[in-house]
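Here is a short report for a reader new to this structure. Look at the sequence and the model first, then read on.

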Amino acid sequence: MTKILAIANQKGGVGKTTTSVNLAASLAASDMDVLLVDLDPQANATMGSGTDKQVARTTVYQVLLGDAPVQAARITSTQGKYDLVPANRDLAGAEVEMVGFERREARLRAALEPVQDEYDYILIDCPPALNLLTLNGLCAAHAVMIPMQCEYYALEGLSDLVNTIKRVRSSFNPSLRIEGLLRTMFDPRNILAQQVSDQLQKHFGDKVYRTVIPRNVRLAEAPGFGLPVLYHDGQSKGAQAYLELAREILAASPA
């Protein structure tokens with residue numbers, strides 16, 4: 001069965017898009033058929049997949065408004081070896097334009113239905129906000145991955161996000177669950193980071209992925225080349241960490 005995974009955190013700068021792009025590439029490298037949906041008006045996942053957001057004519061914006069099907073918007077990221085539904089700055093206006101739509105929170109879910117059986121995994125890169133775009137991502141998904149830095153402010157934001165997920169589950173998507181919490185940009189020499197990591201494991205148990213994504217220069221460089229880190233420097237610690245995350249996810253999925 002296809003697994004639809006929303007990658008979400010309303011706090012910016014936590015490695016959400018980095019995770020979306022590099023997990024998509026790592027799952028594809030594991031012989032999975034993967035679709036990445038860029039649901040963020042900043043379109044960083046689009047750029048990080050090697051697609052110029054300035055020249056992407058048919059995007060997730062047209063898909064959400066019902067002006068184009070997903071099949072017309074998706075392209076293949078030759079750099080990442082997965083399919084991509086790109087975004088651009090037009091997406092910023094989608095929230096206002098969808099206000100009067102019936103079942104506006106379910107636009108993405110309905111749009112993905114015709115193609116979801118073509119993929120093993122559909123990853124949705126949500127914007128860093130708890131808005132209508134993120135709500136569409138959560139309503140379309142089976143589960144949520146939450147990338148987060150190990151700092152105290154991140155713990156406060158996590159509480160808000162967990163409450164939002166509970167509300168979405170009760171009102172729109174009863175099957176939605178938290179897939180896992182992913183510790184990103186982790187520096188084991190930082191005592192505070194280690195303390196927060198320990199707290200996460202204490203409170204969330206096996207919901208915290210064993211894989212930890214380290215701070216890594218190659219991870220930071222790769223988007224500038226329009227490449228997942230796996231194809232920028234496959235031997236780097238960042239690339240190896242995302243491959244390990246893909247293996248962990250695959251091992252936990254039913255055959």
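Which backbone oxygen lies 3.2 Å from a polar atom of the side chain of asparagine 88? The backbone oxygen of alanine 56. This is a predicted model, where local features need pLDDT of at least 70, side-chain atom pairs count only at pLDDT 80 or more, and totals for chains, interfaces and linings use all residues. Residues are numbered from 1 along each chain as its sequence is written, and side-chain values use heavy atoms, with hydrogens and water left out.

**Asparagine 88 and threonine 17**

Asparagine 88 sits in the loop between β4 (82–85) and α5 (94–98). Helices (H or I, at least four residues) and strands (E, at least two) are DSSP runs, numbered from the N terminus. Asparagine 88 counts as buried because its relative accessibility is 9%. Buried means under 20% relative accessible area, exposed over 50%, and partly exposed in between (1.4 Å probe, protein chains only).

The side chain of asparagine 88 also reaches the backbone nitrogen of aspartate 90. Threonine 17 makes a polar contact too, through its side chain, with the side chain of aspartate 125. A polar contact is a pair of N or O atoms within 3.5 Å; within protein, one must be able to donate a hydrogen and the other to accept it, and residues adjacent in sequence count only if both atoms are side-chain atoms.

| Side chain | Partner | Distance |
|---|---|---|
| Asparagine 88 | Alanine 56, backbone oxygen | 3.2 Å |
| Asparagine 88 | Aspartate 90, backbone nitrogen | 3.0 Å |
| Threonine 17 | Aspartate 125, side chain | 2.9 Å |

Leaving aside neighbours within four places in sequence, asparagine 88 is in contact (heavy atoms within 4.5 Å) with Pro41, Ala43, Lys53, Ala56 and Thr59. Its C-alpha atom is 8.9 Å from that of asparagine 44, and the two residues are 44 apart along the chain.

Threonine 17 belongs to helix α1 (residues 16–29). Threonine 17 is buried because its relative accessible area is 16%. With the same neighbours within four places left aside, threonine 17 is in contact with Asn44, Ala45 and Asp125.

**Strands**

β4 pairs with two strands named here. Strand β2 (residues 34–38) runs parallel to β4, joined by three bridges. Valine 37 has valine 85 as its bridge partner in β4. Strand β3 (residues 75–77) pairs with β4 in the antiparallel sense, over three bridges. Two strands pair if DSSP finds at least two bridges between them. Serine 77 has tyrosine 82 as its bridge partner in β4.

The hairpin of β3 and β4 has four residues between the strands, and lysine 81 takes a positive phi near 65° there. The charged end of lysine 81 sits over the ring of tyrosine 231, 4.3 Å from its centre. That term requires NZ of Lys or CZ of Arg within 6 Å of the ring centre and within 35 degrees of the ring normal.

Alanine 43 has a positive phi of about 60°, although it is not a glycine. Alanine 43 lies in the loop between β2 and α2 (44–48). It counts as buried, at 0% relative accessibility.

**Cores**

The largest nonpolar core has 52 residues, and Val37, Leu112 and Ile124 have the most contacts inside it. Such a core is a set of buried Ala, Val, Leu, Ile, Met, Phe, Trp, Tyr and Cys residues joined through side-chain atoms within 4.5 Å. A second, separate core of 29 residues includes Leu5, Tyr121, Ile213 and Tyr242.
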